[in-house]
Amino acid sequence: MSTLRQDPTTRAWTIVAPRRAARPHFAVIVRAPDQPEHDPNCPFCPGNESMTPPEVHRISNGAGWHVRVVGNLYPALGGDGAADGNGSGLFRERPGVGTHEVIIESPRHNARLDEMSVEDVGAVLLAWRERYRDLEGREETGAVVVFKNAGPMAGTSLNHPHSQVVATPVIPPEVLRRFEVAKDYFEGTGRRLYDDLILSERTAGERVLEERGTFVAFVPFAAPGPFETWIAPTAPQPSFAQLRDPDIPDLAWLLKRTLRAVRLTNDDPDFNVVVASAPAGQEAGSWFSWHIKVLPRLTTAAGFELGSGMSINPVPPETAASEMREVLREDALA
Ligand SMILES: [Zn+2]
């Protein structure tokens, strides 16, 4: 029988409906052909720097670069100007002021976060945080969303490893909802939701993947999708801007291992990574905590999901966590 589970951070319900079919159980995974280490036609490969919009940030590596941040060639939001709304009545509208950047994660065309060194993954996380801090501080910014799309099912067909950051002039509904749910919880109980959530997951134990330093990776109790995994600081910090330099290696270690586990349990699926953080300027909102979500694209939202806002997860989170722990025990690269 299926069960309904509620995510305490969004109050959204998920139907956990284990499927009996043997694996591979979900989306057809179309394997991309092996990529070369350097592709002369790739705009993100070294030597082609002039093919991208201007560079806004780089982490150098001797004469070359390690991580490079450039404007998005097709920005969703961009340009200067007043962020004020106009329009009227039921036709509200405002200029698409904001920023959309691409973080090129490695000079190597065929690099992957789950195969990189922990130091190299750390450089990517550092670039995420640096861009987050800069964009968050701008007057017009309502929130900063950091994310990664890997593979066509996840929204990209560009092979060169990259992630993105978008600064929006409004607070997106998901960002606002998580923040307000945590605030409600704090006002109602005097306790911080993410303290209680992490304590509860640690006590239950069965969904925890691993802990490292001041971070924990776990498959949440009400994970909307199969193998969805969160990485959260064990001492909650409201904003991703507050990620401290000395903590980056531990976070990089856990992210790499989590991606490795997702890959090995599911035949290398496409995936997204998103950073859930507080709205801009809410570092003092101590009832909230940023966290990273790793989202393998193993199912497709169909009519029921679109019509209900509920998800159906065919893999119980306990099963997913157990399988991921097992592959990590056996994998030498991780
Ligand atoms: Zn490339």
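Which residue in β9 is the bridge partner of V145? In this predicted model, the answer is V166. That pair is a handy way into the sheet, since it sits where strand β8, residues 143-150, meets strand β9, residues 162-168. These two strands run antiparallel and are joined by five bridges.

Step back from that pair and you get the whole sheet. It's an open one with 10 strands, and if you walk across it the order reads β3-β4-β7-β9-β8-β13-β14-β12-β11-β10, with antiparallel pairing. As a reminder, strands of a sheet pair through backbone hydrogen bonds, either parallel or antiparallel. At the edges stand β3 (55-61) and β10, and each has a single partner strand, so one side of each is left without a neighbour in the sheet. Going from one strand to the next, the twist averages 15°.

Let's start at the β3 edge. β3 and β4 run antiparallel and are held by six bridges. N61 has G64 of β4 as its bridge partner. The two strands form a hairpin with two residues between them, and there G62 takes a positive phi near 65°. Strand β4 itself covers residues 64-71 and is mostly covered, with six of its eight residues buried. The next strand over is β7, residues 99-104, which runs antiparallel to β4 and is joined to it by four bridges. Here V70 stands opposite V102 of β7.

Now jump to the β10 edge. Strand β10 (residues 208-212) and strand β11 (residues 215-218) are antiparallel, with four bridges joining them. They also make a hairpin, again with two residues between the strands. R212 faces F215 of β11, and in the turn G213 has a positive phi of about 55°.

Glycines aren't the whole story on backbone angles, though. Most residues other than glycine have a negative phi, and most peptide bonds are trans. F227 is not a glycine, yet it has a positive phi of about 70°. You'll find F227 in the loop between β11 and β12 (229-233). D267 is another non-glycine with a positive phi, this time about 60°, and its place is the loop between α4 and β13 (271-276). What about their surroundings: is F227 buried or exposed? F227 counts as buried, at 0% relative accessibility. D267, on the other hand, is partly exposed, with a relative accessible area of 45%.

On to what's packed inside. The largest nonpolar core has 52 residues, and the ones with the most contacts inside it are W128, I231, L251, L255 and I292. Which helix gives the most to this core? That's α4, residues 248-265, with nine residues.

L255 is a good residue to look at from here, as it lies in helix α4. L255 is buried, and the 1% relative accessible area is why: anything under 20% counts as buried. Setting aside neighbours within four places in sequence, L255 is in contact with V121, L125, W128, I231, I292 and V294. For a sense of distance, try R202: it is 53 residues from L255 along the chain, and the C-alpha atoms of the two are separated by 18 Å.

Follow the L255 contact to I292 and the view opens up again. Not counting residues up to four places away in sequence, I292 touches W128, T229, W230, I231, L251, L255, V273, V274 and V275. There is also a second, separate core, this one of 15 residues, including F179, V208, V216 and A278.

The last stop is a pair of helices. Two packed helices are described by the angle between their axes and the distance between the axes. Helix α2 (residues 173-189) and helix α3 (residues 193-204) pack at an angle of about 90°, and their axes are 9 Å apart. Angles of 65 to 115 degrees count as roughly perpendicular, so that is the description that fits α2 and α3. Which residues make the contact? From α2 they are V181, A182 and Y185, and from α3 they are L193, Y194 and D196. By class, the contact of α2 with α3 has five nonpolar residues, no polar ones and one charged.

How values were computed:
Residues numbered from 1 in each chain as written. Predicted model: local features only at pLDDT ≥ 70, side-chain atom pairs only at ≥ 80, totals over all residues. Heavy atoms only, no water. Pairing = 2+ DSSP bridges. Core = buried A, V, L, I, M, F, W, Y, C linked by side-chain atoms within 4.5 Å. Buried < 20%, exposed > 50% of the residue type's maximum accessible area, 1.4 Å probe, protein only. Contact = heavy atoms within 4.5 Å. Axes fitted to C-alpha atoms, helices over the stretch in contact; angles between N-to-C directions. Parallel < 35°, antiparallel > 145°, perpendicular 65-115°, else oblique. Nonpolar A, V, L, I, M, F, W, Y, C, P; charged D, E, K, R; others polar.
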